[in-house]
There are 2 protein chains.
Amino acid sequence: MPATIRDVARASGVHVSTVSRTFTAPHKVNAETRTRVLAAAAELGYRPNRVARALTTGRTHNLGLIVADIANPFFPPLIKAAQAQARGRDYHVFVADTDEDPRVEEELIQTLARQVDGLLLCGPRLSNRAITRLHTNIPFVVVNRRIKGISAVLMDVGHGARQAVEHLTGLGHRRLALLAGPEASWTSQQIRDAAEDAAAAQGVELTVLGPNSPTEHGGRLAAPDVLAAGVTGVLAYNDLVAIGLTEALAAERVEVPGRISVIGIDDIMHARLNRPPLTTVATPTMAAGRAAVDALLQLVGRADGDAATTTLETILETTLIVRDSTAPPPAPPVPLGGTRS
Amino acid sequence: MPATIRDVARASGVHVSTVSRTFTAPHKVNAETRTRVLAAAAELGYRPNRVARALTTGRTHNLGLIVADIANPFFPPLIKAAQAQARGRDYHVFVADTDEDPRVEEELIQTLARQVDGLLLCGPRLSNRAITRLHTNIPFVVVNRRIKGISAVLMDVGHGARQAVEHLTGLGHRRLALLAGPEASWTSQQIRDAAEDAAAAQGVELTVLGPNSPTEHGGRLAAPDVLAAGVTGVLAYNDLVAIGLTEALAAERVEVPGRISVIGIDDIMHARLNRPPLTTVATPTMAAGRAAVDALLQLVGRADGDAATTTLETILETTLIVRDSTAPPPAPPVPLGGTRS
DNA sequence: CTGAAAGCGCTAACAT
DNA sequence: ATGTTAGCGCTTTCAG
């Protein structure tokens, strides 16, 4: 059995409250007694029980981080950054995976909400309504979704999507496709809006295909539709989808970028490794993890009333990274009868 | 404020202890009262506070999972599987990342130990001594390390390494290199022993190079030594190292597998995506995650005394997956003066 | 089967 | 500066 505060009190000949104070408000205790208490504590290997402490203070010093799929390479850097940031502020981040299942997500939010001081929702699959309903006791910060009244860290993928479309049109493409992501994804919506906008501005055609599962498999499945659409350039919801698509295209002997150019989003590690290395919109995932923790801790630190009425919003920039999966479109077949002028 | 057990008691006209029983031992309460209590609870949205419950029962219903680097693609599938397995048994798994820092690992073990019922250590960087010292209050299960007196889930990478060497010699290779992993890694030791063994049995030369950082970067750095060693086949500590090596080799215009064959270990997602697709030893990471949770839960379930004296060991098989990074060695240069016979 | 009472380990007023 | 007291939300004897 680990030593309790009482053991320390006994060993150092003071009352438990004095021991408690030595740890929570050291300046309120006589320097001499403090050293005595600390000595006894060290001797007994005493460490305050955070669970018990949480019961009285209402602060667990833990944060919860919920992701749809930890195996999606987009998340680990974000998680890592969040944990590192929190650690510096004496907080721990507990990560949980919902398996892309909204019901699991809801369940997780509910149980976690009692064990942590604040919740980070990354790419939630729950509806805005559901999240708002669940958002009662503790502060939330949502990554990549804008929900009225809830703090958010957003990546400006719209800007990235626009750049991607312009890159493609700049190369000479006139018929583009967008592989949309899950319907519940705010990010997918942003991408779509921006891409349609940019395509219209450039006067090129944009076919929206999807929704697609945000995985390699999703990308592979989309290949026939891409081919059927007769496009020469594709912007995918994320790198995984883009990679899956290039794989399936390669299997069909359709050259990337020779016949079709492909752009992903996220710049996960695989993007660089892909064959061909993927042109992609890099999203600042680590910065997002840090910003999310900062925002959450700020809310946690506020008085409960304030926290409920404060909503923070951070928007992070994205960058187009041009690699080898994009090139000018194939020369159009010479029309029968030769060129006109 | 969330509803407490007292609110439910009041609403359903029974004593708190009856409410408590309704949730912890439903059969000990009258069916009729039970439905009444449940109704009131549902009405108020009551959910037992796990933190408070933990204080009296000593069971948090949480498990801790500590990994060295969540961004290493080896871990996510393991984590996912562990979480899924635990969820089925009404347990949550909290994941924490040590950033490959033994001190952070120690710190994490100590704080987590009070908040969870059992700890999963995956590829720890701490010494056996340190882990044994820390292993006091709650059950531990270690993945990929054998420590006296501590339960473990092991992957038989030795078998895989042996198969890899035999695959290479079967192809005709006579001079091999092994890129070893971190010194603190039990896995690396297993691989090395088995590879040396197999090489000796086959009568081929095996140069051990390392230790290497278990990352792509580590693999890139090893390239010059591999070249200097004049080998035609390489077994790397893991896929990341193998991939880094193929990258560096490609940069030097050394063909894989044309001039050098490369084998990785783990079969992470990148392995298949690599150029060329990597021959590798697949490790059953998801099975390991499940087995680890099973073992841990078994220990948690035992009386405290028993748990301390029980040690479980699970060994999981590995499989060689042949892809395109291995081939027969280049034909030896014809000796000056032509062939003899 | 249900209620009463004690207590898990700790903190937070309130006294002294 | 330190001790006293009460209580966080829940479970668990022990009576009734």
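## Around DNA strand D

Helices here are DSSP runs of at least four residues (H or I), numbered from the N terminus. With that in hand, let's look at this predicted model. Four helices each supply at least two residues of the surface near DNA strand D: α2 (16-24) and α4 (50-57) of chain A, along with α2 (16-24) and α4 (50-57) of chain B. The biggest contribution comes from α2(B), which gives 6 residues.

In total, 25 residues surround DNA strand D, and the closest are His15(A), Asn30(A), Ile5(B), Ser17(B) and Ser20(B). What is the make-up of this surface by class? The residues near DNA strand D comprise 13 polar, 9 nonpolar and 3 charged.

## Where the two chains meet

Chain A and chain B each put 34 residues into their contact. On the side of chain B that touches chain A, at least two residues come from each of α4, α5 (75-87), β2 (92-97), α6 (102-113) and α12 (269-273). Of these, α5(B) has the largest share, with 6 residues. Sorted by class, this side of chain B holds 17 nonpolar, 10 polar and 7 charged residues.

## The nonpolar core

Now for the interior: the largest nonpolar core has 175 residues. Which residues have the most contacts inside it? They are Leu120, Val234 and Leu245 of chain A, and Leu120, Val234 and Leu245 of chain B.

Val234(A) makes a good example to inspect on screen. Setting aside neighbours within four places in sequence, Val234(A) is in contact with Leu176(A), Ala177(A), Leu179(A), Val226(A), Leu245(A), Ile260(A), Val262(A) and Ile263(A). One of these partners, Leu245(A), is itself among the residues with the most contacts inside the core.

Key:
Residues numbered from 1 in each chain as written. Chains lettered and ligands numbered in written order. Predicted model: local features only at pLDDT ≥ 70, side-chain atom pairs only at ≥ 80, totals over all residues. Near = placed C-beta within 6 Å. Nonpolar A, V, L, I, M, F, W, Y, C, P; charged D, E, K, R; others polar. Contact = placed C-beta atoms within 7 Å. Core = buried A, V, L, I, M, F, W, Y, C linked by C-beta atoms within 7 Å. Buried ≥ 20, exposed ≤ 12 C-beta atoms within 10 Å, placed from the backbone.
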